[in-house]
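Visitor: I should like to look closely at one part of this structure. Would you please guide me through it?

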Amino acid sequence: MNTHLLSLLVLLPVAGAVLVALTGRGSESLQKAIGLAVSGATFALSLLLVAGFQDVATLQFVEQRPWIPAWGISYHVGIDGLSLWLVILTTFLTPLCLLGSWSSIEKRVREFVVFMLLLEAGMIGVFVALDLFLFYVFWEAMLIPMYFLIGVWGHERRIYAAIKFFLYTFAGSVLMLVAFLVLYKNAGLGSFDIPKLVAAPVDPALQTWLFLACAVAFAIKVPMWPFHTWLPDAHVEAPTAGSVILAGVLLKMGGYGFLRLAIPLFPDAAMRFAPLVGVLAVIGIVYGALVSLVQPDLKKLVAYSSVSHLGFVMLGIAAFTTTGVVGSVYQMLSHGISTGALFFLVGMLYDRRHTRQIAEFGGLKAIMPWYFAVFLLISLSSIAVPGTNGFVGEFLILVGSWSFSPWMVAVSSLGVILAAGYVLWMVKRVFYGEVTNPKNQGLPDLSAREAAVLVPLVVLAIVMGVASPAFTRRIEPSVDALVRQVRERSSPVRAADTVPPPARPPGEVRP
Amino acid sequence: MTGAVLDLRPLAPAAIVAVTGLVVLLTQAFTPRGKESPSAPLALLGLAAALGSVWVLATGPGRGSVLAGALTADDFSLFFHALVLGVAAITVLLSPSYLRANGMERGEYYALLLFSTVGMLGLVSSLELVSLFVALEIMSIALYGMAGLDRRRRESQESALKYFVTGAFASAFFLYGIALLYGATGSTSLVKIARSVSVLSPESLPLAVLGVALLLVGFGFKVASVPFHMWAPDVYEGAPTTVTGFMSAGVKAAAFGALLRVFDSALPALASQWQPLVGVLAIVSMVVGNLAALAQTSLKRMLAYSSIAHAGYLLTAFVAAPLVAGEAMLFYLVAYAAVNLGAFGALAALSRDGREPLAVRDLSGLADRRPALAAALTVFLVSLTGIPITAGFVGKFYLFGAAVSVGSMGIALALVGVVMSVVSAYYYLRVVVAMYMSEPEGEDTWGPVSPASAFALAVAAALTLLLGVWPAPLLALARVAARSLIQ
C-alpha cells in the first residue's frame, strides 16, 4: 500500500474525472457528488501520508519504475518534509472548492468537475514528482484545466485573464524546459532523476544560466515582483474555486520549485543570486501591501495581498537558513489556508450581491454576524496576529532572515504593519458603521453548506497558530538537510578565490 | 541483383496500393450511372492489405533492396510505410462524408489518393536519386489533381494551379541538384555518393556543395519551410479539407523521410556544410510560420502557417547526429500526422451543403453543440502547442533534446523553438476560446459527424494522448528505424 500511495493519490482524481466525463448532461447533482466523493476520498487517503511519515530528511513513499528508458526517464515519485504538507493542502482544498462551488457554478457542471479533478491530480503530481521530465509534465499539464476554469467560469474579463495567465506561465516554463535539457546533456548521467542530478556537480558558469532559466519560471508562478502582473487578473476573473486553488496551491509551486529544483540543482548560482531574490522579495512585500491599501475591489485586495505574503516566502528562501526556510514552507501552508478562506468569503458575498466593490457594503456586522465572525478571524490570521497560522510563518521568516540581511527584515516588517492597515481598514468599511446601502438589508447569513466549507479552514488557521510544532517537526529535518547540503556544495574549497563558507548563523531560533 | 529469381517482395506494399488504385478506377467506370461505386471501402481494403504486407515484411523475411539497389525495404522505409499507409487510411475514413457534403463524390478522388500514396512509399524507400525523383513526381502529380478536385470552387482551382507551378519549380531545383551531385560524384546511388563525397577532390567539392544546396531547396519546397513556403497558405486553404489534411500529414512525413535518408545516409561527410543551412531554415521557418499564423483569421490558413512552423521545429533536430535526429524526427512525424489529420478532419467532419467552418469564429460555442468533437479538436490544438500529456509535447521534447545535444548552436535553435511555441499558444488557444468560451452564434448549421469520421477522429485523439503518456514503444521503433539509416 505504502509504495503505491502517491500514485493512487494522483490516479484517483483522474479516474474520478473520467467517471464524471462519462455521465450525461442532465445529471448535474450526480456529477457534483462524484466530484466531492472522489476528492474527499483523495483527502482521506492523503492522511495516510501524515500517519506514515517519519520525521527524517529522507524521501519517503518512494515509487520508481522505468518510463522512457531510452532517455533515462522514470516514473519516480516520493515526498519529504518540503512536499508532505503541500500535498495535504492540495487534497484538503479541492473538496472544499467543489463544495463551495455547489450552487455558484451553473453552466457546464460536468466539465467543471472534470477540470477540478484533473487539476488536483496535476497539482499532487508536481509536489510528488522526483524526475525532471515527470515534474515538467505535471507542471505544464496543469495549465490546461486552470486555463479552462478561468476562461469558462470566470467573470467579465475572463478570456483576457485566462490567456494572460496561460501565456505568462507557459513562457516561463519553456525556458525551464531548455534548462532541463541542457542540464541533462551536461550532467552526462543519462538520467532525469532529480536526486541523482542534485548529487552531480554542475559547472558554476553554466549554473548561472540554468538557475536563471528555472528561477524565471518559478518567479512567475510565485509570483515575485516584477513578474506578478498576471496574478491580479487571473485571481479576480477566476471563479471562486479557481481563485482558491490559484492562491492556495498553484502559487506554492513557485516556492516549492525553488526549494526542490532551482536551489539544490544550482547551489552556487542560487547563493550568488540570493541577494537579488531577497531584494525582489522585499519589494514585493511592500509593493503588494501598498497596492492592496488602495484597492476598491475586495477580490483585488486579496489578490494583491498574496503578492505581499508570497514576498515573505521568497525572503525566507533567499535567506536560506533552516529557520527561514521552515518559515517559508509554513507561510506557504498558512497562506493557502487564510487566503483560500478569504477568497471563499469574498465569493460568498459576491454570490449574494454580485458585486465586490467595498464601497457597496457597510454595516454587514449586524446583518450577517456569523459571516462577520469568520471573516474577522480569517483576516486576523492573514495579518499574522499571534495565535493564528500567519504569525508562525512570518515570525520564523523574519527571525531566520536577520543573519541574511537585517535591513531587509526591517523593511519587510513594514509590510506586516501595512497588512494590518489594509485588512483592518477593509473590515471596517465592509462590516462596521451603519447599513448605508438598502440592497444589503436582509442578506442571509452563512448557510450550512457555506459553514461546512469555512469551519475546517477556521479550525486549521487556529490549530496551525497554536500547535505549530506538529507541522514543523515534519518539515524541519528535510529543510535542515537541504540547507546544509546546499551551503556545503556552494562553498567548495576547489578555488582559492572563493570566499569561505558563511558559518551557520549563531543563535538561530529553532521553530 | 545476383540471384536468378527477381525478388520483388520489398515492393509488395506499393504494388498493392497501386493495384487498388486501378481497381478503384475500373469499378468506378463499370458502376452504372446513379449508383455509388464502393470506392472508399475498396481503398480501405487495399490500404489494410498493404499494411498487412508491411507487417509481414517487418517481422519476416523479404527485406532488402531491389531493382539494382534503387528501392529498399529496410526498417526505416517500413516505419514510413506504416505511417504513410495509416495517414491514407485515416484520410479515406474522413473523406466520404466530406465529399458528399460538397458534391464531389467521384472515384478519382480515391484513385488519386492511392497513387499519391504509392509515390510517398517510393519516396521513403528510394536508395537512388532518380527513382527518388520519380517517386516525388508520382506523389506530387496525383496531389495536384486532388487539390483541384472541387471544380466548382475557384479557390480549389487556384490551389491546384499554384501547387503545380511551384511544385514544378521545386522539381527543377531538385533535378539540377541531382545533376550537379552526379557530376561531382559520378553516381546517383546514395551508397556510392556517400563513398565518393568523403574523398572529394578540391575541384568537385564546390559542385557537390551546390548540388546539396539545390536538393535542400527542392526539399524545402516539399516540406514547406521558409523561404520556400509561399505556396502553402493558398494551397492549404483552397484544396478540399481532407486533401489538405492528407497533404500536411503525408507529404510532410514522406518528404522528411527522403530528406533524412539523402542527407544522413549519403551526405554525412558534407554535414559541416549543410547543417548551418538547415539551422537557418529551421529558425526562419519557426519565426515566420508562427508570427504569420498569429495574424490569420482563416482556420485553414492558420493551420498552414502552423505547418510551416512545424517544419521548422522538425529541422531543429536535423542539426544533431543522425541517430538522435532520426529518432526524434520519426517520432515527431507520427505525432504530427495524427494531430494534423485530426485537426483538418475535425473541420471536414463539420462540413454540410458545401459549407465548412472557415473562420475561427465559425466555431463559436462548438463545445455546446458538438462536445465530443470540440474536446477532440482541443486535444489536437494542445498537442500542436506542445503541452503535456500529448504526443506533441513528447515530440518537441525529443526534437529540442536532440538539438541541445550538439551544443551552443542547438541550444540557440531550441530557445527559438520554445519561445515560438509560446507565440503559437496564442493562436491555437484562440480556437479553444471560440469553442468553449464564446456563445454560439445563430443556428446550428454544421453537419452531423458521420460514424466513420468520428471513428477516425477518435483514433487520432487516442493516439495523440497515448503517445503523450506512453511514448516508449514508438520511440524504440523509431530508434530501430533510424539505426537502419546509418548502416
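Visitor: Which residues in H2(A) meet which residues in H3(A)?

Guide: This is a predicted model, in which local features need pLDDT (the predictor's confidence in each residue, from 0 to 100) of at least 70, side-chain atom pairs count only at pLDDT 80 or more, and totals for chains, interfaces and linings use all residues. Residues are numbered from 1 along each chain as its sequence is written, with chains lettered from A and ligands numbered from 1 in written order.

From H2(A), the residues are A:Lys32, A:Gly35, A:Leu36, A:Ser39, A:Gly40, A:Thr42, A:Phe43, A:Ser46, A:Leu49 and A:Val50. They meet A:Leu84, A:Val87, A:Ile88, A:Thr91, A:Phe92, A:Thr94, A:Pro95, A:Leu98 and A:Leu99 in H3(A); contact requires C-beta atoms, placed from the backbone, within 7 Å. The residues of this contact divide into eleven nonpolar, seven polar and one charged.

H2(A) covers residues 28–52 and H3(A) residues 84–100. Their axes come within 9 Å and cross at roughly 160 degrees. H2(A) is therefore roughly antiparallel to H3(A) (an angle over 145 degrees). The crossing of H2(A) and H3(A) is left-handed: the near helix is turned anticlockwise from the far one by less than a right angle.

Beyond this pair, the contact between the chains takes 25 residues from chain A and 25 residues from chain B. On the side of chain B that touches chain A, H17(B) gives the largest share, twelve residues. The mean pLDDT of chain B is 90, and 98% of its residues reach 70 or more. For the complex, the predictor gives an ipTM of 0.90 and a pTM of 0.91.

Conventions: Two residues are in contact if their C-beta atoms, placed from the backbone, lie within 7 Å. Helices (H or I, at least four residues) and strands (E, at least two) are DSSP runs, numbered from the N terminus. Axes are lines fitted to C-alpha atoms, for helices over the stretch in contact, and angles run from 0 to 180 degrees between N-to-C directions. Angles under 35 degrees count as roughly parallel, over 145 as roughly antiparallel, 65 to 115 as roughly perpendicular and the rest as oblique. Ala, Val, Leu, Ile, Met, Phe, Trp, Tyr, Cys and Pro count as nonpolar, Asp, Glu, Lys and Arg as charged, and the others, Gly among them, as polar.
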